[in-house]
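Keep the sequence and the 3D view open side by side. The paragraphs below walk from a hairpin through the strands and helices to the cores.

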Amino acid sequence: MKKKLVFATNNAHKLEEIASILGEKIELLSLKDIGCTADIPETADTLQGNAIQKAEYIHNHYGFDCFADDTGLEVEALDGAPGVFSARYAGDGHNSEANMQKLLQNLQGVENRKAQFRTVICLILDGKQHLFEGICKGEIIKEKRGSAGFGYDPIFVPEGYNESFAQLGNAVKNKISHRAKAVEMLCKYLKK
Ligand code: IMP
């Protein structure tokens, strides 16, 4: 019988991507697949804390092996902000446009543009917790460029490239991104 594993997300794109890496031995289930419509709390003040909180919620309420992820953009000159608050940097509306404007505003006149995206994944397998991390370093440019992707992609240029994530597009981004690196580590572990 296939091993069932819940990914605490309803993002079909993320789910499909990971299912294809994991292969046929694991049946990957979404929150919808297990009938979870709850707004899972994400109230920790670190990425790791949120990933753990979400994975534990599913494990405690539904008993499945599961994993959850949390991602933030950490800007060096802003002491790691927006970090865990990346989705709601400019307010609760989760508005990417407003978030980018606020970040560009806060970096006006600032020379040090270094930043990194960081993804933390918490896996709960047979009752044990495992953490995986993926980092993509780069810099925040002065104005938006490109239209692919989501979130802060138009203003983030990864190290070694001259174009933003939004210009590079998903094919390149998915090979070098923070999430890709964290997922790769998770998949390696699960395939062991
Ligand atoms: P989540 O934990 O994947 O939901 O990410 C939280 C927030 O971080 C998102 O709402 C985006 O604002 C930002 N973010 C996460 N991943 C990316 C990315 O790959 N590109 C741009 N922004 C991202």
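Start at the hairpin of β3 and β4, where six residues lie between the strands. Asp-79 in this hairpin takes a positive phi near 55°. The model is a predicted one. Strand β4 covers residues 82–83 and runs antiparallel to β3, with two bridges joining them. Look for Glu-74, which stands opposite Pro-82 in β4.

Stay with β3, residues 66–75. How many of its 10 residues are buried? The count is nine, so β3 is mostly covered, taking buried as under 20% relative accessible area. β3 also pairs with β5, in the antiparallel sense, over 10 bridges. Gly-72 stands opposite Arg-118 in β5. In general, side chains in a regular strand alternate between the two faces of the sheet.

β3 has another partner in β1. These two strands pair in the parallel sense over two bridges. Val-6 stands opposite Cys-66 in β3. Phe-7 stands opposite Phe-67.

Now follow β1, residues 3–7. β1 pairs with β2, residues 26–29, in the parallel sense over four bridges. Lys-3 has Ile-26 as its bridge partner in β2. Leu-5 stands opposite Leu-28. Together, β1, α1 and β2 make a right-handed β-α-β unit.

Pause in the loop between β1 and α1, where Thr-9 lies. Is Thr-9 buried or exposed? Thr-9 has a relative accessible area of 9%. That is under the 20% cut-off, so Thr-9 counts as buried. Not counting residues up to four places away in sequence, Thr-9 touches Lys-14, Leu-15, Ser-30 and Leu-31.

Move on to helix α2, residues 47–62. α2 has 16 residues and reaches 23 Å from its first C-alpha to its last. That is close to the 22 Å expected at 1.5 Å a residue. Its buried residues are Leu-47, Asn-50, Ala-51, Ile-52, Lys-54, Ala-55, Tyr-57 and Ile-58. What covers them? The cover includes β1, β3, β5 and β6. Just after α2 comes Gly-63, with a positive phi of about 75°.

Next, the nonpolar interior. The largest nonpolar core has 20 residues. Those with the most contacts inside it are Leu-73, Val-75, Leu-103, Ile-140, Tyr-152, Ile-155 and Phe-156. Which elements give two or more residues to this core? They are β3, α3 (96–106), β5 (114–125), β6 (128–140), β7 (156–158) and α4 (165–176). Apart from this core lies another, of 19 residues. Among its members are Ala-8, Ile-34, Ala-51 and Cys-122. Ala-51 was met above, among the buried residues of α2.

Zoom in on Val-75 of the largest core. Leaving aside residues up to four places away in sequence, Val-75 touches Gly-80, Ala-81, Pro-82, Leu-103, Leu-107, Lys-114, Ala-115 and Ile-140. Pro-82 is the residue that stands opposite Glu-74. Leu-103 and Ile-140 are listed with Val-75 among the residues with the most contacts inside the core.

Now find Lys-173, in helix α4. Where does this lysine stand on burial? Its relative accessible area is 3%. The limit for burial is 20%, so Lys-173 is buried. What does its side chain contact? The side chain of Lys-173 makes a polar contact with the side chain of Asp-153, at 2.9 Å. Lys-173 also touches Phe-150, Phe-165, His-178 and Arg-179, with residues up to four places away in sequence not counted. From Lys-173 to Pro-158 is 15 residues in sequence and 9.1 Å in space, C-alpha to C-alpha.

His-178 and Arg-179 lead into helix α5, residues 178–191. At the start of α5, a side-chain oxygen of Ser-177 reaches to within 3.3 Å of the backbone nitrogen of Arg-179. α5 has 14 residues and spans 20 Å from its first C-alpha to its last, close to the 20 Å expected at 1.5 Å a residue. The buried residues here are His-178, Arg-179, Ala-180, Ala-182, Val-183, Leu-186, Cys-187 and Leu-190. His-178 and Arg-179 thus appear both in this buried list and among the residues that Lys-173 touches.

Key
Residues numbered from 1 in each chain as written. Predicted model: local features only at pLDDT ≥ 70, side-chain atom pairs only at ≥ 80, totals over all residues. Heavy atoms only, no water. Core = buried A, V, L, I, M, F, W, Y, C linked by side-chain atoms within 4.5 Å. Buried < 20%, exposed > 50% of the residue type's maximum accessible area, 1.4 Å probe, protein only. Contact = heavy atoms within 4.5 Å. Pairing = 2+ DSSP bridges. Right-handed = clockwise from strand over helix to strand, strands pointing away. Expected span 1.5 Å × (residues − 1). Polar contact = N/O pair within 3.5 Å; in protein donor to acceptor, adjacent residues only side chain to side chain.
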